[in-house]
Amino acid sequence: MGLRVCKRICPCCPPCQGTEQPDRGPSSKFYPPPAGNLPPSLPGTRGKGQGTPQVTRYKMHLTGTSGQGWAPSGQGKENPGFVPQDELDNPMRMEPQLIHEPQHPSPEQPSVGVLHPKQLSRAAKVSMYSYTARSPGGMDVQRGDRLEVIGTKGPWVLVQRETGRGPAQTCYIPKSFLADAGSLEAEDWYFGGIRRMDAKRFLLQEPNGSGSFLVWHSDASYWLSVRVEQTVRHYRITQAQGAYYLVERAAFRTLGALVLYYQQQSDGLCTRLGKPCVWLDVPRMPSLCHTAVDQLEISPNSIERIRKLGRGSFGLVWLGKWNGTTQVAIKELQVTAQSLQKSLYGEADTMWKLSHERLLKLYAVCLQVSPVFIVTEYMERGTLKRYLRDHQQNRNLELQQLMDFAAQICQGMGYMEQNLCVHRDLRAENILLSAMLSCKIGDFGLARFMDSSSIAMSADARIPIKWMAPEVFSEQRYSSKSDVWSFGVLLVEIVTYGKMPFPEITNEQYVREMLREGGTLQPPRDAPDNVSYIMNMCWRRAAPTRPTFAELERLIMDLLTFSEDVVQ
């Protein structure tokens, strides 16, 4: 087996034929870490940062064997989904023993859930995504290119690439596109701080298949998520005494070594790890280019309309290109009065400064033409409403996935609520989906610029009458609580796969019901009881008694149970 046998007495057991050091051949249970790939430790653990590596000795103990296979639940000390040690074929117990602490540990990693600006040193970087130059003479960057940061400009960094012939090439690239070469963040399989439902949603997208996997962190723990057919299993990675392991008998100095090991054999996992999960979404641009960081209004000549995507509440929506390089969405607004245009610029400036992963990014406005238009990031999957309607006939989406959409929307609306911003038009038509089915809230704040005379009660009215809260009709007053009311109606859209809410009543009847004292809404009959409960909370007549979006997110997350997926 390539092992050098010794006669030492281990501190934890009587004399045995253990090993002082394993042979690092294919048959060994120990795999050396890739160079420079010591991941940062999480708060509450002994190892800290990516400074001097931990010096660790691994002792193996040979035990008897019988049988091999995967147990689906409750059979392992550290991760119940693993096969017990006495059922493994030739297992070797591995106990990491810390020799000494790092001499120069780095600061602890920030707590998960708190977003911090990405800090980049001048050390060698690797591009995690391809980038096309935004101006003539610029440098295209390919995924995997090694670069050096030589300057910064807000969320953009100036990088150079040695060519070996002539002067080095340079260009500006978004900071979010780069990672330190050899770091954990540079690994294809590491997805950073995400939720368990995010990991599941990502892995279930094409072209991922059985064996696709990713590693992520949450709540001071690393997790390994693995796809098996149409299900996803989640394994907690234990970090202790400078080692990482799923079960103690197979411990490693780095996450990279752990991943490499399980790519070569399943050893108790539901399946052997295959290819890393394909990351279909590209981080959004912080601005159209590094020269437009402080530029809200742009020239109409820089925009090219390519094809019509549809018609929204405010006018036509187009797929377009900025400067012939950057794919964008163009939303026309039927705003003609000069005073309204000035107000629009002020509102757009507020929207432009908002930044959250669940909000559609506003890049620019153009007020020099008629109709005026705004430029936003383009979402290739279209609207949530269209996605739901595409599945309306088969109704083949899990309740977990439907509620995951709702939880994502609450995240974005919670951010707006904290920043005292009101949407006014929250519905499935204004929720956009990325390639990996991540939700982004669009058209926030624009409803205020619609002509009040257009609030018609006809069946084909574009104003979303059936999403409006009672106080909007009685007092013409919008607030985050009126957005909460609209969210309750959006939940109706989600559970009915995009059907028009309350089809049994007309717009006029809806308004009369809202103006009637005690008038309220009723959840759909086939809605799950716990979802109906949340709807009724959103539709409380007294606006102050409605929950906040943060409270709604917590309630919805409680519905997302993972007992069939988690192995811990």
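Biologist: What makes 16-17-18-20-19 an open sheet in this predicted model?

Modeller: There are 5 strands in that order, with antiparallel pairing. Strand 16 (303-311) and strand 19 (362-366) each have a single partner strand, so each keeps one side without a neighbour in the sheet, and these two are the edges. On average, neighbouring strands in this sheet are turned by 30 degrees against each other, direction ignored.

Biologist: How do you know that strand 19 pairs with strand 20?

Modeller: Pairing takes at least two bridges. Strand 19 and strand 20 (residues 372-377) are joined by 4 bridges and run antiparallel, so they pair by that cut-off. As for a bridge partner in strand 20, Val365 has Ile374.

Biologist: Why is His391 called buried?

Modeller: The cut-off for buried is under 20% relative accessible area. His391 comes out at 18%, so it counts as buried. His391 sits in the loop between helix 4 (384-390) and helix 5 (399-418). Leaving aside residues up to four places away in sequence, His391 touches Asn396, Leu397 and Tyr497.

Biologist: What makes the Tyr387 and His391 pair a polar contact?

Modeller: A polar atom of the His391 side chain is 2.9 Å from the backbone oxygen of Tyr387, and the cut-off is within 3.5 Å, so the distance fits.

Biologist: How do you know that the buried residues of helix 8 are on the same side?

Modeller: The buried ones in helix 8 (residues 507-515) are Asn507, Tyr510, Val511 and Met514. Their arc around the axis is only 95 degrees, which puts them on the same side of helix 8. They pack against helix 6 (470-475) and helix 7 (480-495).

Technical notes
Residues numbered from 1 in each chain as written. Predicted model: local features only at pLDDT ≥ 70, side-chain atom pairs only at ≥ 80, totals over all residues. Heavy atoms only, no water. Axes fitted to C-alpha atoms, helices over the stretch in contact; angles between N-to-C directions. Buried < 20%, exposed > 50% of the residue type's maximum accessible area, 1.4 Å probe, protein only. Arc of directions from axis to C-beta. Contact = heavy atoms within 4.5 Å. Polar contact = N/O pair within 3.5 Å; in protein donor to acceptor, adjacent residues only side chain to side chain.
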